[in-house]
Amino acid sequence: MKSLSCRLKYMSDYDLGWVIGIIEGEGSFSSGVRAVISVTNTDFDTLERCQDITGIGRLTRIEIRDEWHKPTRRWRVDRKLETLALTLLVYPGLSKRRKIAAEKVLDYYSLKSRDVAQRIVDELF
């Protein structure tokens with residue numbers, strides 16, 4: 001059986017609000033082969049802070065297509081419980097449009113997985 005782990009860290013209300021703002025303004029929720037929360041930006045400091053505050057996700061470089069584009073990175077959260085837990089945590093602070101996208105991530109996973117993620121959030125916060 002796979003080990004279920006979630007490295008999501010406790011966040012102060014200020015830090016949580018900051019992460020919600022970044023996801024709201026620059027991020028996306030998607031579900032295809034797997035559910036993902038991602039933020040793509042040319043400001044590396046912002047993405048590193050997302051990772052530092054939450055304790056989860058990976059930073060990757062995006063291939064520059066044209067010489068006039070700035071170097072870009074992506075903070076990507078795609079581990080099952082981490083994606084679910086972060087989605088549940090930020091959901092109340094999202095706009096209606098982002099909530100609709102977040103609901104697709106939540107619907108992607110089974111109710112049992114959502115319950116496990118909710119217990120993780122409840123224990124942390």
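So, the cysteines: the sulfur of cysteine 6 sits 16 Å from the closest cysteine sulfur, which belongs to cysteine 50, and that's too far for a bond. A disulfide would need the two sulfur atoms within 2.5 Å. Bear in mind this is a predicted model. Searching the whole structure turns up 0 disulfides. As for their surroundings, cysteine 6 is partly exposed, at 22% relative accessibility, while cysteine 50 is buried, with a relative accessible area of 0%.

Okay, cysteine 50 takes us to α2. Which residues of α2 are buried? Cys50 is one, along with Thr46, Leu47, Ile53 and Thr54. They span an arc of only 130° around the axis, so they end up on the same side of α2. Remember that an α-helix has 3.6 residues a turn, so residues three or four places apart point the same way. Over on the other side of α2, you've got Asp45 and Asp52, both exposed. And what covers the buried residues? The cover includes α1, β2, β3, β4 and α3.

Now the ends of this helix. At the N-terminal end, aspartate 43 acts as a cap, with a side-chain oxygen 3.2 Å from the backbone nitrogen of aspartate 45. Just past α2, glycine 55 has a positive phi of about 80°.

Last bit, the largest nonpolar core. There are 34 residues in there, and Met11, Ile23, Phe29, Trp75, Leu86 and Val90 touch the most other members. The elements giving two or more residues are α1, β2, α2, β4, α3, α4 and α5. The largest share comes from α3, with 7 residues.

Terms used
Residues are numbered from 1 along each chain as its sequence is written. This is a predicted model: local features need pLDDT of at least 70, side-chain atom pairs count only at pLDDT 80 or more; totals for chains, interfaces and linings use all residues. Side-chain values use heavy atoms; hydrogens and water are left out. A nonpolar core is a set of buried Ala, Val, Leu, Ile, Met, Phe, Trp, Tyr and Cys residues joined through side-chain atoms within 4.5 Å. Buried means under 20% relative accessible area, exposed over 50%, partly exposed in between (1.4 Å probe, protein chains only). Helices (H or I, at least four residues) and strands (E, at least two) are DSSP runs, numbered from the N terminus. The arc is that of the directions from the helix axis to the C-beta atoms. Contact means heavy atoms within 4.5 Å. A polar contact is a pair of N or O atoms within 3.5 Å; within protein, one must be able to donate a hydrogen and the other to accept it, and residues adjacent in sequence count only if both atoms are side-chain atoms.
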